[in-house]
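Work through the exercises below with the model open. Each task is followed by a stepwise solution.

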Amino acid sequence: MTTVPPASPSPTPISPVQAAALADGVLPPVEEVRPGVWTLAVPFRFGVPDATLVYVVEATDGSLALIDPGWSDDGALDVLDAGLRSIGRSVRDVGLVAVTHLHADHLGAATAVRRMSGAPIAMHAAEVRALDHERDDAAAHEAEIATWGVPHGLRDGLTAAWGAGRHIGLGAIEPPYADVLLDDGDLLPIAGRTIRSLWTPGHTAGHLCFLDEADGLLFTGDHVLPRINSGIGLGGRTDSNPLGDYLASLAKLDPYVELEVCPGHEYRFRDVVSRAQTLVRHREERSRHVAEALDTLDAPTLFEVASRVPFSGGIESMTGFLLASALTQTAFHADLLGRADEIRPA
């Protein structure tokens with residue numbers, strides 16, 4: 001996930017306490033969003049964003065469903081369990097773990113929750129494929145790194161973060177990665193609830209949002225966040241262009257303008273369509289900069305093109321994962337412009 005500031009004002013928080021906690025750098029308190037629906041926060045060890053927002057949904061049979069259980073690097077569930085105990089429940093009451101996407105700050109605790117409660121993990125099949133092919137994908141990434149024209153001093157960091165050293169799940173999850181495979185339009189198996197999957201690829205190939213139209217809620221994972229422009233193509237390798245997929249996925253949100261947005265980080269807000277339009281404009285601006293670089297430079301390398309794109313802090317300040325993400329996203333823009341063949345392999 002990248003942290004490029006959006007070009008227009010961020011949406012107004014629905015939850016003042018979540019916004020205040022974000023500003024103060026502390027975990028927000030547990031909140032009841034709707035009757036039988038709560039949000040709680042689990043810290044993530046890698047800094048921004050500092051916490052994953054976990055959503056707890058009570059079924060009519062008394063069991064709980066967790067949407068994105070958050071991070072756990074050692075199988076410990078102390079923070080998650082403390083949040084559940086504050087509403088009079090525990091991890092052992094969980095009957096389903098529904099995951100928006102494969103990143104460790106969303107999926108990482110799922111195995112530990114399943115081990116403790118017996119709850120099945122539900123996820124899109126593309127995320128399972130990405131985890132199954134992680135090593136093959138890393139080898140392909142490593143071959144690409146050699147063609148990017150990156151200064152020698154940065155290559156080891158790229159290999160460690162994007163090539164042989166890359167671990168999408170960060171070792172926190174175990175096969176079987178999912179017990180229930182979800183597809184676009186599928187209902188989550190939660191008694192008495194009508195929560196439907198919406199396939200929104202782009203951030204990762206199998207990213208899902210979850211629609212609870214009865215309660216007026218849209219759980220967006222990392223697809224749409226209030227202040228952060230999510231990175232693209234940060235799951236497994238795909239045959240399609242993740243940027244094109246992402247833009248199409250943003251358009252799929254148009255019917256849900258009235259729903260309250262429950263994102264994976266930061267704070268709840270309204271009007272997902274306006275926020276999505278801001279994200280589209282950000283990507284259009286990126287494409288414009290990539291086009292200008294290709295117009296100006298003669299047979300540039302990918303690194304040379306990316307150096308002309310105004311990433312937050314500038315590409316010269318980036319290393320490792322952030323640099324790899326910036327470079328691959330530059331390549332996605334060039335491909336979507338139909339100009340990928342103008343970039344020279346180093």
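**Aromatic pairs and a sheet**

A search of the whole structure, a predicted model, finds two aromatic pairs.

**Exercise 1.** Classify the pair formed by the rings of Tyr-55 and Phe-219.

*Solution.*
1. Take the distance: the ring centres lie 5.1 Å apart. The cut-off for a pair is within 6.5 Å.
2. Take the angle: the planes stand at 65°. Planes over 60 degrees apart count as edge-to-face.
3. The pair is therefore edge-to-face.
4. Place the residues: Tyr-55 sits in strand β3 (residues 51–58) and Phe-219 in strand β10, 164 residues apart.
5. Check burial: Tyr-55 and Phe-219 are both buried.

**Exercise 2.** Describe the aromatic pair of Trp-162 and Phe-321, and state whether each residue is buried or partly exposed.

*Solution.*
1. The centre-to-centre distance is 5.6 Å and the planes are 55° apart, a tilted pair.
2. Trp-162 belongs to helix α7 (residues 152–162) and Phe-321 to helix α11 (residues 320–336), so the pair ties together parts 159 residues apart in sequence.
3. Trp-162 has a relative accessible area of 1%, so Trp-162 is buried.
4. Phe-321 reaches 28%, so Phe-321 is partly exposed.

**Exercise 3.** Place strand β10 in its sheet.

*Solution.*
1. Write the order: β8-β9-β10-β11-β12, five strands in an open sheet with mixed pairing.
2. Mark the edges: β8 (196–199) and β12 (269–270) each pair on one side only.
3. Examine one neighbour: β10 (residues 217–221) pairs with β11 (residues 260–263) in the parallel sense, over four bridges.
4. Find a bridge: Leu-217 has Glu-260 in β11 as its partner.

Note on methods: Residues are numbered from 1 along each chain as its sequence is written. This is a predicted model: local features need pLDDT of at least 70, side-chain atom pairs count only at pLDDT 80 or more; totals for chains, interfaces and linings use all residues. Side-chain values use heavy atoms; hydrogens and water are left out. Two strands pair if DSSP finds at least two bridges between them. Helices (H or I, at least four residues) and strands (E, at least two) are DSSP runs, numbered from the N terminus. Rings of Phe, Tyr and Trp (its six-membered ring) pair if their centres lie within 6.5 Å; planes under 30 degrees apart count as stacked, over 60 as edge-to-face and the rest as tilted. Buried means under 20% relative accessible area, exposed over 50%, partly exposed in between (1.4 Å probe, protein chains only).
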